[in-house]
Amino acid sequence: MSVKTYTYCGPESLHSLIGQVMASLGYVGGRESRDVGAAITLRDDGSHLYVGCTFTDDGRSWSSEIGLLSKEDPRKIVKDCLIHWHQRFLGHGPGPWGTLIGVRPTKLVHHLFDQGLDEKAAEKVLTDDYDVAEKTARDLVAMAQLQRPYVTDRGRKLALYVGIPYCPSHCLYCSFPSRLIGGEGEDQLTAFRDAMLRDFDDLAALCRDYDLDVTSLYVGGGTPTCLPQPVLQPLMERLAKNFPNAGEWTVEAGRPDTAEEGVLTMLKGCGVNRISVNPQTMQQHLLDALGRRHRVEDIYTMYEACRKAGFSVINMDFIAGLPGQTVADMQENMEIVCKLHPENVTIHTLALKKRAPLFHHDLREQIPPAEVTGRMVSLCQSVLEDGGYVPYYMYRQKYMAASFANIGYALPGTVSAYNIEMMEERQSVLAAGPGGATKFLGRDGHTLEKVYMPKDVNTYIQALDDKIARRRRLCAIVYGGEDI
C-alpha cells in the first residue's frame, strides 16, 4: 500500500476540514515530494469561493473546480465535492461510508437518538444525508443502541486513563513516542514512579473535592507490564487505593515477553479484572519483521497464565494489513481466536503514520492493497459474529484508501465500558501520565475542555505542577461552578 500526500492552498479556517477529508481518503498532509497524489485549492474572489482539486496517480491526472456563492456554508459542500471527485477519479461509486468522515461515526447516531429519532429514522438520515450504505447504517445504529446505557445519564461518573510510555522494543508500525525500558536507569524510573503517584493523588483529591466517581480505569501505553515490578506494583496499589469504585479495570499487557506470571498475579491482586493480550498476529515471520521480539508460543503461555490468574475478561488485538500479511494468515488468526475464546477481540487495520518507522521502511512496499485488507476485515467480522461476538465500539481509521474502521467485538455481557466512554466523549475522562489527555465535559454537555500532558517523560515530570494547576482550574469551572 502506498500512502499518498496532498498539498493545500487556501483559507486557514478550512485547513483542518481539508485534513480530515483527505485523511478519510487515504492522504496525509506534508511537504514531502514522495507520492504527492492530490493538490487542493480554495480561493475567494469576494463573491464566490472556488474549490479546485487535482488528483494524480501513475502518470494519470484528473482535475475539477466549482464556484460556491460566498453566502453558502462551504464546509459540507467542500467535503462532499472532494469525496465525490475522488470517487470519480478512481472510477467507482460511493463507498460504504458515503460522505461521513471523522473517527467517531457513532457520535452522530447518538446525536440523532438525542433528538428523539428511532433506529429506522436514524438509518434513513445516514443513508439519505450522508450516502452511507444501508448495511453500514444498520451496523452503526445497532452499535449505538447497544452503547446507550453507557453514555446516557452519566452525571459525575468518570473514566480514568493512565499512560505508561515504556516498551521493550519499538514495533515497526507504531508511531507512539515510547521509551525503551532497557535504556532507563533506576533514578529515571524512580522519578517517573514518584511523579505518577503524585498525579494519581491529585486526581483522587479532585474526585473527593467535587464528588466525582471513577467507574472505569484503563492503564495503557506503551507496554505498562514492561516496567520493573518495584516500579509497577506501587503504581497499581495506589490506583487501587485511590479509585476503589472502578468496577472495570483494564491493563494492557500487550507484549507476552513482559508479562510474567508473578506480574499477572500482582495485577489481579490489586483489582485488575480486564487484561489485554495483544499478539497483533500469530505468524512468527510477521512478528519478527515487525520487531515484536517474542515467540508465538509466548502468546499461548501468557494467555493461559491470564486464565490461571482469574481475569474475568481477556482482550486480544489483531492488525489487518501488515506488510507481507495474507488473507490465509488472518484466517489462521481467527481460527486461533475461536479455540482460545477470549471475551473481547479488537480488529485494527494498519494505519501508516509518518512518525512510524514503517513509513520510511522498505517493508512499506509489502503492505497489502486495500482490497486484500478489506477481505481480511470482512473475514474477521464473519468469523467473530458466527462465534457469538458482537461489535460494540469502533473508530474510523485514517490514511488508508478504503478508510477502514477499528472494531471491538465482545461476547454478550463483556463489553468494555471504558472503550465506549472514551470513544463517544459524552462524559469527562481524567488522565494521568505522559501523553494523557484529561477531557472535562463542559456545562453545555458538548464542549470538551482539555488538558494535555507532555508525551516525553522528562518533560512530563517537569511540567506536572503546572498541568495539575491547569487541570484543577478547569475542574473548578466545570464542576465547581467557578467563573471562567
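A salt bridge here is a side-chain nitrogen of Lys or Arg within 4 Å of a carboxyl oxygen of Asp or Glu. Keep that cut-off handy for the exercises below, and remember that the model you're looking at is a predicted one.

**Exercise 1. Work out whether E261 and K308 form a salt bridge, and what the pair ties together.**

Step 1: Check the distance. The N to O separation between the side chains of E261 and K308 is 3.1 Å. The cut-off is 4 Å, so the pair counts as a salt bridge.

Step 2: Place the two partners. E261 sits in helix 8 (residues 261-270) and K308 in helix 10, so the bridge ties together parts that are 47 residues apart in sequence.

Step 3: Look at how open each one is. E261 is partly exposed, at 44% relative accessible area, while K308 is exposed, at 64%.

**Exercise 2. Find the partner of E425 and say how distant the two are along the chain.**

Step 1: Look for a positive side chain. E425 makes a salt bridge with K107, and their closest N and O atoms are 2.9 Å apart.

Step 2: Trace the chain. E425 is in the loop between helix 13 (417-424) and strand 16 (429-432), K107 is in helix 3 (residues 106-114), and 318 residues separate them, so this pair links distant parts of the chain.

Step 3: Sort them by cover. Buried means under 20% relative accessible area, so E425, at 12%, is buried. K107 comes out as partly exposed, with 32% relative accessibility.

**Exercise 3. Describe the bridge between R43 and E65, then look at the rest of the salt bridges.**

Step 1: Start with the contact. The side chains of R43 and E65 meet at 3.4 Å, N to O, in a salt bridge.

Step 2: Add the location. R43 belongs to strand 3 (residues 36-44) and E65 to strand 5 (residues 60-69), so parts 22 residues apart in sequence are tied together.

Step 3: Check the surroundings. R43 is partly exposed, with a relative accessible area of 46%, and E65 is partly exposed, with a value of 46%.

Step 4: Zoom out. The structure has 25 salt bridges. Some charges join up in a network: D199, D202, D209, R471 and R472 are linked by salt bridges.

**Exercise 4. What does the side chain of R292 reach, and is R292 buried or exposed?**

Step 1: Find the spot. R292 lies in the loop between helix 9 (284-290) and helix 10 (296-309).

Step 2: Look for an opposite charge. R292 is buried yet has no salt bridge, and the nearest side chain of opposite charge, D257, is 6.6 Å away.

Step 3: Look for another contact. The R292 side chain reaches the backbone oxygen of N278 at 2.5 Å.

**Exercise 5. Which residues gather in a patch of positive charge on the surface?**

Step 1: Collect the members. They are K353, K354, R355, K398 and K455.

Step 2: Pick R355 as an example. R355 is in the loop between strand 13 (344-349) and helix 12 (370-386).

Step 3: Test its cover. Exposed means over 50% relative accessible area, so R355, at 64%, counts as exposed.

**Exercise 6. Explain what stands out in the backbone at D131, D153 and the G221 to G222 bond.**

Step 1: Recall the usual picture. Most residues other than glycine have a negative phi, and most peptide bonds are trans.

Step 2: Take D131. Its phi is positive, near 60°, and D131 is not a glycine. D131 lies in the loop between helix 4 (119-130) and helix 5 (134-151), and it is partly exposed, at 33%.

Step 3: Take D153. This residue isn't a glycine either, yet D153 has a positive phi of about 55°. D153 is in the loop between helix 5 and strand 6 (157-164), and at 77% relative accessibility it counts as exposed.

Step 4: Turn to the peptide bond. G221 and G222 are joined by a cis peptide bond, with omega about 10°. G222 is in the loop between strand 9 (213-221) and helix 7 (229-242).

**Exercise 7. How many residues apart in sequence are G46 and L69, and how many Å apart in space?**

Step 1: Locate G46. G46 is in the loop between strand 3 and strand 4 (48-57), and at 59% relative accessibility G46 counts as exposed.

Step 2: Read off the separations. G46 and L69 are 23 residues apart in sequence and 9.2 Å apart in space, C-alpha to C-alpha.

Definitions and conventions
Residues are numbered from 1 along each chain as its sequence is written. This is a predicted model: local features need pLDDT of at least 70, side-chain atom pairs count only at pLDDT 80 or more; totals for chains, interfaces and linings use all residues. Side-chain values use heavy atoms; hydrogens and water are left out. Patches are made of residues with over 30% relative accessible area and no salt bridge: like charges are joined within 9 Å, nonpolar side chains (Val, Leu, Ile, Met, Phe, Trp, Tyr) within 5 Å. Accessible areas come from the Shrake-Rupley method with a 1.4 Å probe; for residues, only the protein chains shown count as cover. Lys and Arg count as positive and Asp and Glu as negative; His and the chain ends are not counted. The place of a charge is taken as NZ of Lys, CZ of Arg, CG of Asp or CD of Glu. Helices (H or I, at least four residues) and strands (E, at least two) are DSSP runs, numbered from the N terminus. Buried means under 20% relative accessible area, exposed over 50%, partly exposed in between (1.4 Å probe, protein chains only). A polar contact is a pair of N or O atoms within 3.5 Å; within protein, one must be able to donate a hydrogen and the other to accept it, and residues adjacent in sequence count only if both atoms are side-chain atoms.
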